[in-house]
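User: Hi! I am learning to read protein structures, and I would like to know how the labels people use follow from the numbers. Could we go through one together?

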Amino acid sequence: MNGEPLLEVRALSVTLRSRGRVVHAVRDCSFRLHGGEVLALVGESGSGKTTLARAIAGVVLPQSGAIRFRGRDMGGLARAAARPLRRRIQMVFQDPDASLNPAHRVGGILAEPLQVIRFGDRTAIAARIRELLAMVRLDAALLEKRPRQLSGGEKQRVAIARALAMEPELLVADEPLSSLDVSTQAAIAALFRSLQQRLRIGLLFISHDLGAVRQLADRVAVLYGGEIVEAGPAARVLDAPAHPYTRLLLAAMPDLKHRRLDLPLADAIDRLEELPDLPQACHYRPRCLDRAGVCDARAELAAVGADRGHLARCHFRDGPPAATPG
């Protein structure tokens, strides 16, 4: 896409402490997201995608790198100056039960962010709440209900409506389908796509559900061990993957005519904190069937063949090695 990106992440790294040790949760990640575009971050649990999303939303602080939103470096702004921009970045979380106050009714849940931004008087807020419910296809009769009285899909729709109340330009959806049953997942995925197209907002969609990613995303970035190992247009990454980890993800979640089957990821895939410390070698080397001696050195994220829009971090992104695996 042409023009200035809505979001630009430059060489971002985040370290966390897990069980008394330092974990490199995000390693030198860079990407761009334009307004009106859907970028999916994919990878199994522990790949770093949630930490990356939380850093973008300002929930965790990066150790290095930059996050630029609407051309402004978020890390270089004072808290007061950053606050109006932060409001334009809203998150929808994996578990609506954890993100919705069980003591409040739906009307109060949706009124709260409107009161924070001083949207208007009670009449204006009431009208806006009904508009938000209509946007997420919920009946106004739910206004007096509490979260425990709602279905999983209804709760997630309320969470989406609350995020939209702040009129975001960027919506960060962190595994928003994983707690839902299969039929509800499809409906919520369709709702995300409809809202994104109608409102022309940027959507950062975090998931390990490649069926939903295929349905929603314009572009895909694949994370392994906290770093991007493949990125590009969704059709190219999902139909012609160039990194062996992307191929493993696709094989671990088979589909029938692109309809997702609810199968677990391969048990052999370790979580991020269990990855070996290989600062110089390819992080995927220990479990790669195509590994060779050259994999003792890190590969750069580079173009696949002549396709400059499709990138992979693999020495053999243009084809399998001729050498015997080492």
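User: How do you know that the end-to-end span of helix H6 agrees with its number of residues?

Analyst: Helix H6 covers residues 152-164, which makes 13 residues. The expected span is 1.5 Å times one less than the number of residues, so H6 should reach 18 Å. In this predicted model, the C-alpha atoms at its ends are 19 Å apart, which agrees.

User: What makes H6 largely enclosed by the rest of the structure?

Analyst: Of its 13 residues, 10 are buried, so the rest of the structure largely encloses H6. Among the buried ones are Gly153, Lys155, Arg157, Ile160 and Leu164. The cover over these buried residues includes strand E6, helices H3, H4 and H5, strand E7 and helix H7.

User: Why is serine 13 called buried?

Analyst: Buried means under 20% relative accessible area. Serine 13 has 19% relative accessibility, so it counts as buried. This serine 13 sits in strand E1, residues 7-18. Leaving aside residues up to four places away in sequence, serine 13 touches Val26, Arg27, Asp28, Pro62, Gln63 and Ser64.

User: What makes strand E8 mostly covered?

Analyst: Strand E8 runs over residues 202-207, and 6 of its 6 residues are buried. Gly202, Leu204 and Ile206 point one way, while Leu203, Phe205 and Ser207 point the other way.

User: Why do side chains in a strand alternate like that?

Analyst: That is the general pattern: in a regular strand, side chains alternate between the two faces of the sheet.

User: How do you know that E3 and E7 pair with E8?

Analyst: Two strands pair if there are at least two bridges between them. Strand E3 (residues 38-42) has 5 bridges to E8, and the two run parallel. Strand E7 (residues 170-174) also pairs with E8 in the parallel sense, over 5 bridges. Leucine 204 of E8 is the bridge partner of leucine 39, and valine 172 stands opposite leucine 204 as well.

User: What is the path from E7 to E8, and which hand does the crossover have?

Analyst: From E7 the chain passes through helix H7 (residues 182-199) and on to E8, a β-α-β crossover that is right-handed.

User: And what does the whole chain look like in numbers?

Analyst: The chain has 10 helices and 14 strands. Of its 326 residues, 49% count as buried. Its accessible surface comes to about 15500 Å², with 49% of that belonging to carbon and sulfur atoms.

Note on methods:
Residues numbered from 1 in each chain as written. Predicted model: local features only at pLDDT ≥ 70, side-chain atom pairs only at ≥ 80, totals over all residues. Heavy atoms only, no water. Buried < 20%, exposed > 50% of the residue type's maximum accessible area, 1.4 Å probe, protein only. Helix = DSSP H or I, 4+ residues; strand = E, 2+ residues; numbered from the N terminus. Right-handed = clockwise from strand over helix to strand, strands pointing away. Areas by Shrake-Rupley, 256 points an atom, 1.4 Å probe, with all protein chains shown as cover. Contact = heavy atoms within 4.5 Å.
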